[in-house]
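Colleague: Please take one part of this model and go through it closely, residue by residue where that helps, and then relate it to the other local features that deserve attention. I would like the classification of surface exposure stated before any residue is assigned to it.

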Amino acid sequence: MQAPILEDFSRALSLALILEASAWPKPGNVHRLRDRPDLRYEAFLATGVMAYSYFRRGIKRGLNGWRSIVLGDLIYGLVSDSMRKTPSSNTCLGSSTLLIPLSLGLGRCIAKEIPGLECVIGEAMEALNGAGVWDTIYYYRAVRTASPSYLKPSDDTGEYVNIWDPHYARKLAEKNTRLIDVLKYSSRIDVVADELVNGYKRSIASERFLRERFNLHGDWNRSVVETYLYILMENNDTIVLLKHGAGMVEYVKKRAGEVLSMILKDNSSEWVKPVMLLDEELYRLKVNPGAIADLTASSIALFLLKNIIQGNAFLKPSTV
């Protein structure tokens with residue numbers, strides 16, 4: 001019985017990446033009708049396909065246990081593989097950081113025969129807490145490979161090794177730095193790190209919102225866009241903050257809230273027009289809320305996983 005379950009869960013995590021990228025229009029981000037200069041829609045589709053093998057390995061590792069490395073190599077492998085084979089700039093650093101631990105959690109829960117997302121998230125956190133210094137080194141490699149422009153060699157990283165330090169691996173090993181501690185430090189400003197170390201609280205709430213909207217009107221694409229706006233209006237996007245400052249973050253949150261309020265009242269096909277206008281505005285401003293897209297992907301993942309656990313089709317509406 002484990003084999004088909006493993007395959008379905010692996011497909012669901014991969015599909016979450018593809019469905020997030022495909023939803024349109026997601027203001028400021030790549031979608032099926034919008035590329036960015038160094039990042040194309042098809043790169044995200046390719047990443048979703050390549051991610052399957054990494055999620056499957058994560059689930060099997062959760063099933064069978066692990067030795068010295070828990071999840072860092074899987075995050076690094078997916079990031080480097082996607083960038084090498086697409087080719088593209090970073091498509092999955094944040095999303096893989098959120099979804100790879102879920103794959104470990106799924107494997108652990110299958111092994112324990114405990115159903116439910118509560119188990120999956122709890123075991124994902126256990127896996128993260130069990131990650132040692134080699135996971136940290138691999139995670140640094142993943143970030144260095146993704147090379148996000150908003151991280152600078154001049155950044156103050158406190159007691160932690162700067163990501164661009166040429167001797168990062170040796171220094172991390174000497175300090176025996178745990179990945180959970182690096183992420184906790186990063187969570188002061190990094191919303192993805194904060195989401196992970198605090199047990200996917202935003203994703204859990206957003207999954208409920210996504211399900212409510214999908215149950216209401218049955219339009220999957222619209223539900224994902226609404227969920228994206230819902231997350232965007234409530235949270236500070238790390239990329240926007242570091243590239244454009246706190247003032248722009250507050251402006252984007254305000255505009256997302258205005259547009260969401262508008263389209264929640266519109267039951268016609270006209271809902272897409274105000275969202276497209278916001279997409280055009282953020283594109284002109286070169287504002288790319290990529291961290292919010294990562295949270296949207298993890299919310300979709302929880303939706304799909306819950307459906308599988310309940311024995312439903314991947315994209316079936318459900319009131320549970």
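Modeller: A residue is called buried when its relative accessible area is under 20%, exposed when that area is over 50%, and partly exposed in between. The model is a predicted one, and what follows should be read with that in mind. As a case of the middle class, G130 has a relative accessible area of 46%, and it is therefore partly exposed. G130 lies in helix α5, and its C-alpha atom is separated by 8.7 Å from that of R178, although these positions lie 48 residues apart along the chain.

The part I would look at closely is the packing of α11 against α13. Helix α11 covers residues 220-234 and helix α13 covers residues 246-264; their axes come within 8 Å and cross at roughly 145°. In this arrangement the crossing of α11 past α13 is left-handed. On the α11 side the contact is made by R222, E226, L229, Y230, L232, M233 and E234, and these meet V252, K253, A256, G257, V259, L260, I263 and L264 of α13. Sorted by type, the residues of this contact divide into ten nonpolar, one polar and four charged.

Within that contact, R222 merits a separate description. R222 belongs to helix α11, and it counts as buried because its relative accessible area is 5%, under the 20% limit. The side chain of R222 makes a polar contact with the side chain of E226, at 2.8 Å, and E226 is itself among the α11 residues that meet α13. Setting aside residues up to four places away in sequence, R222 touches R213, H217, I263, D266, N267, S268 and W271. One of these, I263, is also listed on the α13 side of the helix contact.

A covalent link can be set beside this noncovalent packing. The structure holds one disulfide, formed by C109 and C119 with their sulfur atoms 2.0 Å apart. The pair joins distant parts of the chain, since C109 is in helix α4 and C119, ten residues apart from it, is in helix α5, residues 117-130. The torsion about the S-S bond is -110°, and the link is left-handed. C109 counts as buried because its relative accessibility is 4%, and C119 is likewise counted as buried, at 12% relative accessibility. Another cysteine, C92, has a relative accessibility of 1% and is therefore placed in the buried class.

Between α4 and α5 there is a loop, and E113 is found in that loop. Phi of E113 is near 55°, a positive value in a residue that is not glycine. With a relative accessible area of 70%, E113 is over the 50% limit and so counts as exposed. N176 also has a positive phi, of about 55°, without being a glycine. N176 sits in the loop between α7, residues 168-175, and α8, residues 179-186, and it counts as exposed because its relative accessibility is 52%.

The loop between α3, residues 72-85, and α4, residues 93-112, contains S89. At 21% relative accessibility S89 is above the limit for the buried class, so it counts as partly exposed. Leaving aside neighbours within four places in sequence, S89 is in contact with D38, L39 and M83; in the case of D38, the side chain of S89 reaches the backbone oxygen at 2.9 Å. By C-alpha atoms, S89 and L78 are separated by 13 Å, being eleven residues apart along the chain.

P87 is found in the loop between α3 and α4 as well. The peptide bond joining T86 and P87 is cis, with omega about -20°. Another cis peptide bond runs from W24 to P25, with omega near -15°, and P25 is placed in the loop between α1, residues 2-22, and α2, residues 41-64.

Returning to the part chosen at the start, the picture is of α11 and α13 crossing at roughly 145° with axes that come within 8 Å, and of R222, buried at 5% relative accessible area, with its side chain in polar contact with that of E226.

How values were computed:
Residues are numbered from 1 along each chain as its sequence is written. This is a predicted model: local features need pLDDT of at least 70, side-chain atom pairs count only at pLDDT 80 or more; totals for chains, interfaces and linings use all residues. Side-chain values use heavy atoms; hydrogens and water are left out. Axes are lines fitted to C-alpha atoms, for helices over the stretch in contact, and angles run from 0 to 180 degrees between N-to-C directions. Helices (H or I, at least four residues) and strands (E, at least two) are DSSP runs, numbered from the N terminus. A crossing is left-handed if the near helix is turned anticlockwise from the far one by less than a right angle, and right-handed if clockwise. Contact means heavy atoms within 4.5 Å. Ala, Val, Leu, Ile, Met, Phe, Trp, Tyr, Cys and Pro count as nonpolar, Asp, Glu, Lys and Arg as charged, and the others, Gly among them, as polar. Buried means under 20% relative accessible area, exposed over 50%, partly exposed in between (1.4 Å probe, protein chains only). A polar contact is a pair of N or O atoms within 3.5 Å; within protein, one must be able to donate a hydrogen and the other to accept it, and residues adjacent in sequence count only if both atoms are side-chain atoms. A disulfide is a pair of cysteine sulfur atoms within 2.5 Å.
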